[in-house]
Amino acid sequence: MKHISILLAFLVTLSAPVAAQDFDKGVDAYRSGDYATAIIEWKPLAETGNSGAQFLLGAAYYFGHGVIQDDKQAANWYRLAAEQKHSSAQYYIGIMFENGRGVLQDNILAHMWFNISADNLSKVGREHRDRLAKKMTPEDISKAQAMARECMSSDYKKCGY
């Protein structure tokens, strides 16, 4: 339920002004339960690099809204948005790594993404990072922190993959 709340909180934000009309049409369709129209509106925007549309497509695949549920597709779209500093996508790709959904399970990468999300002011990212750290060795935490620093300092080009 917490995940849906995060998604709905994001839906009230705006995308880049150039694509706002199509993005907003997708948001309105999603809110009304017309997931197919939302996907039609967001997919071209996501394919051209709109991080908000990428995040929401990730969410659609994660939850199976308007598409067949597909964790690999969800992880792909979340990763693309995360690499554009989208803090909610950073949080969700962390969830994907923590749970091994669509990617190999990896607590170090999960911690890295939660840490980056927290650095970008995500409260839930900070909470998950701290919770996950309790299950990790100090060495693994140190590695995840170093990877987060490298990811951010490389402008999201070197993110532990």
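A residue is called buried when its relative accessible area is under 20%, exposed when that area is over 50%, and partly exposed in between, with a 1.4 Å probe and protein chains only. The model is predicted, so that local features need pLDDT of at least 70 and side-chain atom pairs count only at pLDDT 80 or more, whereas totals for chains, interfaces and linings use all residues. Residues are numbered from 1 along each chain as its sequence is written, and side-chain values use heavy atoms, with hydrogens and water left out.

Helix H6 (87-99), one of the DSSP runs numbered from the N terminus (helices being H or I of at least four residues, strands E of at least two), is mostly covered, with eleven of its 13 residues buried. Among these buried residues are Tyr91, Tyr92, Ile93 and Phe97. The expected span of a helix is 1.5 Å times one less than its number of residues, and for H6 this gives 18 Å, which agrees with the 19 Å between its end C-alpha atoms. Just after H6, glycine 100 adopts a positive phi of about 65 degrees.

The largest nonpolar core (buried Ala, Val, Leu, Ile, Met, Phe, Trp, Tyr and Cys residues joined through side-chain atoms within 4.5 Å) has 49 residues, and those with the most contacts inside it are Trp42, Tyr78, Ile93, Met112 and Trp113. The elements that give two or more residues to this core include H2, H6 and H9, while its largest share, eight residues, comes from H4.

The structure holds one disulfide, a pair of cysteine sulfur atoms within 2.5 Å. This disulfide joins cysteine 151 and cysteine 159, whose sulfur atoms are 2.0 Å apart, and both cysteines are buried. The torsion about the S-S bond of cysteine 151 and cysteine 159 is about 65 degrees, and the disulfide is therefore right-handed.
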